[in-house]
Amino acid sequence: MSDAIIWVIMIPLLGSLISLTWSRYASFIAITSNMLALAASIIIVRQVYQSGPFIHQLGSWQTGLGISLRADALSSILLVMSMSVISAATFYASTYFTDAVKRARFWPLWLMLVVALNALLLSGDLFNLYVTLELLGLSAIALTALSDNRAALQAAIRYLSIGLLGSLVFLAGVALVYTGYGTLDLATLSNVVQASPLSQVAFGLMTAGLLIKSALFPLHFWLPSAHASAPAPVSAALSALVVKVAVYILLRLWIDVFDPVLTPFSAMLLGMLGAIAVIWGSWQALQAQRLKLMAAYSTVAQIGYLFIFLPLIVALPDGPLKDAAYTALLLMALTHGFAKSAFFLSAGVIQQYCGHDRIAELGGTARALPLTIFVIALSGVALIGLPPSGSFLGKWHLISSSLHAGQWWWVPVIAAGSILATAYVFRILGHAFAPGEGVDQVLKWGREEIPALILALLATLILGFGSAGLWDFVSQHNGFPGG
Amino acid sequence: MIEILWFIFDIMLVLLLLALAWTTCSTQDVMRAVTLFIAMGLLLAVIWARLKAPDLALAEAVIGAGISGALLLSAIKDYPSNLMVSHRSPVMRGMINIFTIALTILMSWAVWHGIEMSDGKRLSEQVASQLSISGVSNPVTAVLLNFRAYDTLLELAVVLTAVLTVLILNEKRADHKVISPLLQGMTRWLVPLLVITSGYLLWVGAHAPGGAFQAGAMLAAAMILLQLAYPSIHQGFNLYLLRLLLVIGILIFVLVGLWMMLLNDDFLAYSPAWAGSLILIIETAATLSIATALTLAYLGGRPTGWENGLKKSASHKDSHTDNGRVK
Amino acid sequence: MISEQLLYSLAGIGLFAIGLRATLLHHMLLPRLLALNVCGAGVFLIFIAIAYAGVENMADPVPQALVLTGIVVAVSATAMALALGRRLEALKDE
């Protein structure tokens, strides 16, 4: 049954090829292959739930010589989240691109992005991670450039050069690891790695490369323009997933592989940067003039929260407290993934119906697009961290972990971030409910509004009420399966 | 004595390389920088050969210096400014300098430790012990198409993604107006030679330096040369076939991988008896795709008529579905 | 053998640093692209330097395969960057 781990990567890849050669039926092919890949991801998470983490040894070669794909609680849950967001965005995209030429250009690249996301979450090999990072970066940039205007191309070029730099710095770290340890396999490496000058520098380089990709303050400068100028379904995937999988690798390396090399100081440093990102990103979001730019800055802030968890996880002793912090981190990542993608898809609807996404001119949209504004409010609830959203629980545990670890200083940061988030969400709602005649027709239950609604409901209700099982699942089935 | 000579040779190579890299990055004229960059690529090919990596020497000469150089040279005229000047403030420059020097020292220290702490064998013994059942006797090909074939599959996906972007963004560059009889004369014997070399590299990759990437780049060089000498030659090409050529490398790769999963449980787990033939099939398809991709990348955009079929159906379809939509 | 490994890997680090410095210094696309390619070549050189096992012995094939992959990825990224730049210039003219 571990074949699902192959199918979840190969189905979108085949879909990409077929949609390219048979472009007239590209939408149908893309939707079908996404559904199949979503099913495969659910099979994977079910298998991890029933029998624990597992490996697929590509080519049947022994670990080290060959490449292995691995699934555990963290990667399989993120995989299902990623495939759900992608599926919703796929349905949305099939109505978003009205021009057949644009649609035909979009699908093969979109499916390539799915391949990269899934391959990256399941990869258990350092060099393979480099290749998937490049595939992810290039397909994300190509999709950003589909907007085909000056702002988007400038953003894409900046994204490309900074992204390439990030992967090269990561690769330099990989070269050092191979020099010292003679292996590229993550599980093997986690058994042999020791604190030494080589490990520290290699680890530092890989971390730096991934920090660029995950846009942690002050390396976030490329993100807002790219995420704001891409087509709406692409922005959803970029903000909700592409940035997050870089954080995922970082977490893997920090917690599962380079554990002996970690110093509390470096974790604290990243936590500090995360804290600055929370404040700075939220503040910029409050200043933003456009809906999508606001959402992009809010992503900078939300990524910051994830980094605040690092010093806590390092400081807490092994056991339930650490597991709780770890699960809360996952819960925050999941909630943000669903909420932010819902937000971007709704921004896309607004942009299509109003012809712009300027926040100050949103008057009347609440009357004309009630469902879309409802979705924005729902995802706002999740971004602020109000109950019953998943991030309410996440922030709750973040605060309690801070107090348990004796690092009370994160608490005011979290409070300030939440207040700022409340301010920027209500600023949008205030404008949306104000009178105005931005839109002349009223849309009720439009087909393009449904995907965003489902995502927002997942973020607020399902993750909030249904997250109980997550805690057991993660504490029982997490960790890298050995070779 | 011999060792001292080698050492002097090594030092000279390294100094020349660093000097070329430095001037490439600090010269003010783009044209010169690109030329120096190509020279650096050729020097790297020599260095790969010196370090006993002949597969790489070939690849660097054809792809790293050759195709990259051709791409960069043809792109220079797309940009209005030929100057390379940094706009950073003196303070910023100072900080960047300090940062890179510190990083160099740290990395050198780390590599020093790394070479000492390693057994010096790393994965090479594992490769050697399994080489006999890999289906090929060139260890680099064995790693690329068997032990780490999955990397190579994703790498082909990277190539496809890049070339799709090129095709989406631009129309292909205008053809040369000038037709040179000299170039045509040269092309007539050079192209068959390149095609034969490409086929040879593909075949020989199983047991000697060579393989799909070198062969594909060589084939692309032949196509580019043909295009330069006979600018209108691509017009007769079937565009649907071109799409097929672009994807066939990955398609065959994935299908073989899945087929082997059906037979032997793991993706890309070749049956040892067929491994040699399967690798050759995959490499042949990959060569075609790589050659097509690199040629299209050189052309700089989509050939005329690339999206024609769509536009017809689009105008027909959009008139029905787009009614009443506010854009 | 060790001395060659050390010499060439240090050269690789030097190349990486030169490329990194130029990437950070330049804003424009073409210079940056050249710098990034130099930077990448540096990383490749580190890999191949440590693969070296003496004049008589076969070099470690794994880094060779990795670098081959790296070279192809670098060319793809270069092609893509040039296409983006070309499109941007065309849009500026419109």
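**Buried helices, a shared core and unusual backbone spots**

C:Ala77 is buried, with a relative accessible area of 3%. The model described here is a predicted one, and this alanine is a handy place to start exploring it. C:Ala77 belongs to helix H3 of chain C. Along the chain, C:Leu33 is 44 residues away from C:Ala77, yet the C-alpha atoms of the two are separated by 9.2 Å. Once neighbours within four places in sequence are set aside, the contacts of C:Ala77 are with A:Leu138, A:Leu160 and A:Leu164. These three partners belong to chain A.

Helix H3 of chain C, which covers residues 61–93, also holds C:Arg87. The relative accessible area of C:Arg87 is 16%, so this arginine counts as buried, the limit being under 20%. Leaving out neighbours within four places in sequence, C:Arg87 touches residues of chains A and B: A:Asp148 and A:Leu153 on one side of the list, and B:Leu169 and B:Asn170 on the other.

The nonpolar interior comes next. In soluble globular proteins, nonpolar side chains tend to be buried together. In this model the largest nonpolar core has 358 residues. Within that core, the residues with the most contacts are A:Leu126 and B:Tyr270. Apart from neighbours within four places in sequence, A:Leu126 is in contact with the leucines A:Leu184, A:Leu186, A:Leu189 and A:Leu253, the valines A:Val174 and A:Val177, and also A:Phe170 and A:Met206.

Chain B offers a helix pair to look at. The axes of H3 (residues 54–76) and H11 (residues 275–299) of chain B come within 9 Å and cross at roughly 20°. An angle under 35 degrees counts as roughly parallel, and therefore H3(B) and H11(B) are described in that way. On the H3(B) side, the contact is made by B:Ile67, B:Ala70, B:Leu71 and B:Ser74, while H11(B) supplies B:Leu294, B:Ala297 and B:Tyr298. Sorted by character, the residues of this contact are six nonpolar, one polar and no charged.

On a broader scale, the domain assignment divides chain B into domain 1 (10–82), domain 2 (86–113) and domain 3 (136–303). Between the C-alpha centres of domain 2 and domain 3 of chain B there are 39 Å.

Finally, the backbone holds a few spots worth a visit. Most residues other than glycine have a negative phi, and most peptide bonds are trans. In chain B, B:Lys52 is not a glycine but has a positive phi of about 60°. This lysine sits in the loop between helix H2 (30–50) and H3 of chain B. B:Lys52 is partly exposed, at 30% relative accessibility. B:Leu268, also not a glycine, has a positive phi of about 65°. The loop between helix H10 (239–264) and H11 of chain B is where B:Leu268 is placed. With a relative accessible area of 1%, B:Leu268 is buried.

Chain A contributes cis peptide bonds. One joins A:Phe217 and A:Pro218, with omega about 0°. A:Pro218 lies in the loop between helix H8 (197–213) and helix H9 (223–229) of chain A. Another cis peptide bond links two prolines, A:Pro387 and A:Pro388, and there omega is about 5°. A:Pro388 is located in the loop that runs between helix H15 (370–384) and helix H16 (390–404) of chain A.

Methods: Residues numbered from 1 in each chain as written. Chains lettered and ligands numbered in written order. Predicted model: local features only at pLDDT ≥ 70, side-chain atom pairs only at ≥ 80, totals over all residues. Heavy atoms only, no water. Helix = DSSP H or I, 4+ residues; strand = E, 2+ residues; numbered from the N terminus. Buried < 20%, exposed > 50% of the residue type's maximum accessible area, 1.4 Å probe, protein only. Contact = heavy atoms within 4.5 Å. Axes fitted to C-alpha atoms, helices over the stretch in contact; angles between N-to-C directions. Parallel < 35°, antiparallel > 145°, perpendicular 65-115°, else oblique. Nonpolar A, V, L, I, M, F, W, Y, C, P; charged D, E, K, R; others polar. Domains from an automatic or database assignment. Core = buried A, V, L, I, M, F, W, Y, C linked by side-chain atoms within 4.5 Å.
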